[in-house]
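User: I am new to reading structures and would like to know where the labels come from. Please take me through some of them.

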Amino acid sequence: MAILFWIFLLVIFYTYLGYGIILYVLVKIKEFFVKRKEKLKSGDLPEVTLFITAYNEEKIIKQKMENYGELSYPSELLNIVWVTDGSDDRSVELLSAYADVKVLHKPGRNGKTAAMNRGMTLVESPIVVFTDANTFLNKEAILEIVYEFTDPKVGCVAGEKRVVSKEKDSATAGEGIYWKYESALKELDYRLYSAVGAAGELFAVRKELYEPMPADTLLDDFILSLKIAQKGYKIAYCSKAYAVETASLNMNEEKKRKVRIAAGGLQSVWRLRGLFNIFRYGWLSFQFISHRVLRWTITPLFLLLLVPINFVLALRGDTFYMVALFLQLTFYLMAYAGYLFEKKQIKNKLLFIPYYFVFMNVNVLQGFNYLLRNKGKGSWEKAKRE
């Protein structure tokens with residue numbers, strides 16, 4: 001029982017903190033011997049396609065198109081493509097008013113991945129930038145992404161996701177805190193070897209490396225980027241290119257997103273299982289397992305089982321295990337208090353952080369059920385934003 005306790009505790013610590021510490025040390029050692037090269041920021045700019053898959057986004061189209069107009073990339077080199085499969089609102093009508101926009105519409109809704117596969121057959125530019133309809137890009141985003149592709153070893157570029165919340169002390173603000181930590185890890189991953197996946201809010205690929213995916217794929221951005229990495233290319237992380245989106249409207253809406261992502265993570269682990277071969281993929285395998293696989297598979301389960309195991313050990317009267325149990329129960333009580341505060345709309349950031357941590361891990365466990373219930377489906381219900 002004690003052996004299980006220590007194994008579980010070490011895996012949990014490694015997953016959420018230990019890997020970040022080891023990663024930081026490895027990056028510092030590497031950069032002590034090998035200096036980072038500056039990206040080339042001169043020469044001819046390539047043609048780029050800004051690719052958006054959308055479903056009933058009439059409320060955001062005007063703002064989104066205004067955002068595109070502010071991008072500091074030559075308009076003659078920037079193609080804008082909207083794929084609106086299944087949209088039955090005024091999205092197509094509103095988009096048709098923009099002469100420089102190509103709209104690919106299909107009445108039936110088969111999910112985002114199917115829409116991407118269909119739309120990509122008509123794209124001809126060498127660089128494709130994917131972004132969500134409800135996110136807004138910084139002015140230099142496209143330029144900074146293009147600069148990363150001056151390295152021929154880079155096949156995909158992951159932009160930074162930034163989450164803003166109108167209620168800074170709300171539990172949904174925990175999403176913003178999570179993404180700040182996640183962004184720091186992605187930056188270190190890239191500095192060591194390669195980022196481990198990209199987020200759909202903003203990422204780009206070389207057109208010739210795009211690989212059609214099964215229509216039921218839940219995390220198209222993650223699987224597509226890792227498939228490119230499997231081919232020997234790197235996923236660059238570019239914090240100077242970022243997409244801003246608002247936090248989920250509330251924790252119920254955030255739950256929809258987190259459960260789907262967890263299910264997609266489990267699906268991705270299976271479909272990318274070739275990356276477990278560390279003898280073939282080296283650093284990428286180490287990063288994939290440490291940064292992604294553990295979070296989406298055994299660590300949430302270990303977190304759940306650690307409490308009863310600790311309880312049994314504490315009954316033996318060992319002071320260490322009694323203190324450990326007290327600390328665990330205190331943490332979960334704080335998380336529960338954060339849950340109650342959220343329900344009553346009482347602001348307390350100290351309690352919302354443990355609440356969001358527990359919330360994320362519970363949703364990973366629920367992701368198993370989601371994956372079974374939605375097997376073969378590529379569409380999902382969008383989470384509402386602030």
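Analyst: One definition comes first: a helix here is a DSSP run of H or I with at least four residues, a strand is a run of E with at least two, and both are numbered from the N terminus. Tyrosine 181 is placed in helix α6. The model is a predicted one.

User: Is tyrosine 181 called buried, exposed or partly exposed, and why?

Analyst: Buried means under 20% relative accessible area and exposed means over 50%, with partly exposed in between. Tyrosine 181 has 32% relative accessibility, so it counts as partly exposed. Its C-alpha lies 30 Å from that of phenylalanine 320, and the two residues are 139 apart in sequence.

User: What makes lysine 59 exposed?

Analyst: The cut-off for exposed is over 50%. Lysine 59 has a relative accessible area of 77%, so the label exposed applies. Lysine 59 is in the loop between β1 and α2. From its C-alpha to that of leucine 94 is 9.9 Å, with the two positions 35 residues apart along the chain.

User: Which label does asparagine 56 get, and why?

Analyst: Asparagine 56 is in the loop between β1 and α2. Its relative accessibility is 24%, so asparagine 56 counts as partly exposed. Its backbone has another feature: phi is near 50 degrees, which is positive although the residue is not glycine. Most residues other than glycine have a negative phi.

User: What label does phenylalanine 276 get?

Analyst: Phenylalanine 276 is at 38% relative accessibility, so the label is partly exposed. This residue is in the loop between α8 and α9. The C-alpha atoms of phenylalanine 276 and threonine 217 are 20 Å apart, and the residues are separated by 59 places in the chain.

User: Why is α5 said to be largely enclosed by the rest of the structure?

Analyst: A residue is buried at under 20% relative accessible area. Eight of the eight residues of α5 are buried, and therefore the helix counts as largely enclosed. Among them are Ala141, Leu143, Glu144 and Tyr147.

User: How do you know that the length of α13 fits a helix?

Analyst: The expected span is 1.5 Å times one less than the number of residues. Helix α13 has 25 residues, for which 36 Å is expected, and the distance from its first C-alpha to its last is 35 Å, close to that value. There is also a kink of about 30 degrees in α13, with its centre on glutamine 366.

User: What makes tyrosine 339 and tyrosine 355 an aromatic pair, and of which kind?

Analyst: Rings pair if their centres lie within 6.5 Å, and planes over 60 degrees apart count as edge-to-face. The structure holds 23 aromatic pairs. For tyrosine 339 and tyrosine 355 the centres are 6.0 Å apart and the planes are at 70 degrees, giving an edge-to-face pair. The pair links distant parts of the chain, with tyrosine 339 in helix α12 and tyrosine 355 in helix α13, 16 residues apart. Tyrosine 355 counts as buried at 9% relative accessibility, whereas tyrosine 339 is at 31% and counts as partly exposed. Both tyrosines belong to one aromatic cluster with Tyr336, Tyr356 and Phe359.

User: What makes you say that the charged end of arginine 109 sits over a ring?

Analyst: For arginine, CZ must be within 6 Å of the ring centre and within 35 degrees of the ring normal. The charged end of arginine 109 is 3.7 Å from the centre of the ring of tyrosine 55 and sits over that ring. Arginine 162 lies over the face of tyrosine 242, and its distance from the ring centre is 3.6 Å.

User: Why are some spaces called cavities and others pockets?

Analyst: A cavity is a space where a 1.4 Å probe fits but cannot get out, while a pocket is open. The whole structure has one cavity of 30 Å³ or more. The volume of the largest cavity is about 40 Å³. Its lining includes Phe51, Lys112, Met116 and Asp132, and β1, α4 and β4 each supply at least two lining residues. The second largest pocket has a volume of about 810 Å³. This pocket is lined by 25 residues, with Arg36, Lys37, Lys39, Glu148 and Tyr190 nearest its centre. The largest share of that lining, five residues, comes from β8.

Key
Residues numbered from 1 in each chain as written. Predicted model: local features only at pLDDT ≥ 70, side-chain atom pairs only at ≥ 80, totals over all residues. Heavy atoms only, no water. Bend = angle between axes of the 7 residues up to and from the residue. Phe/Tyr/Trp six-rings, centres within 6.5 Å; stacked < 30°, edge-to-face > 60°. Buried < 20%, exposed > 50% of the residue type's maximum accessible area, 1.4 Å probe, protein only. 1 Å grid on protein atoms, 1.4 Å probe; cavity = no way out; pocket = protein on both sides within 12 Å on 5 of 7 lines; lining within 4 Å. Points joined across faces, edges and corners; volume = space filled by probe spheres on them.
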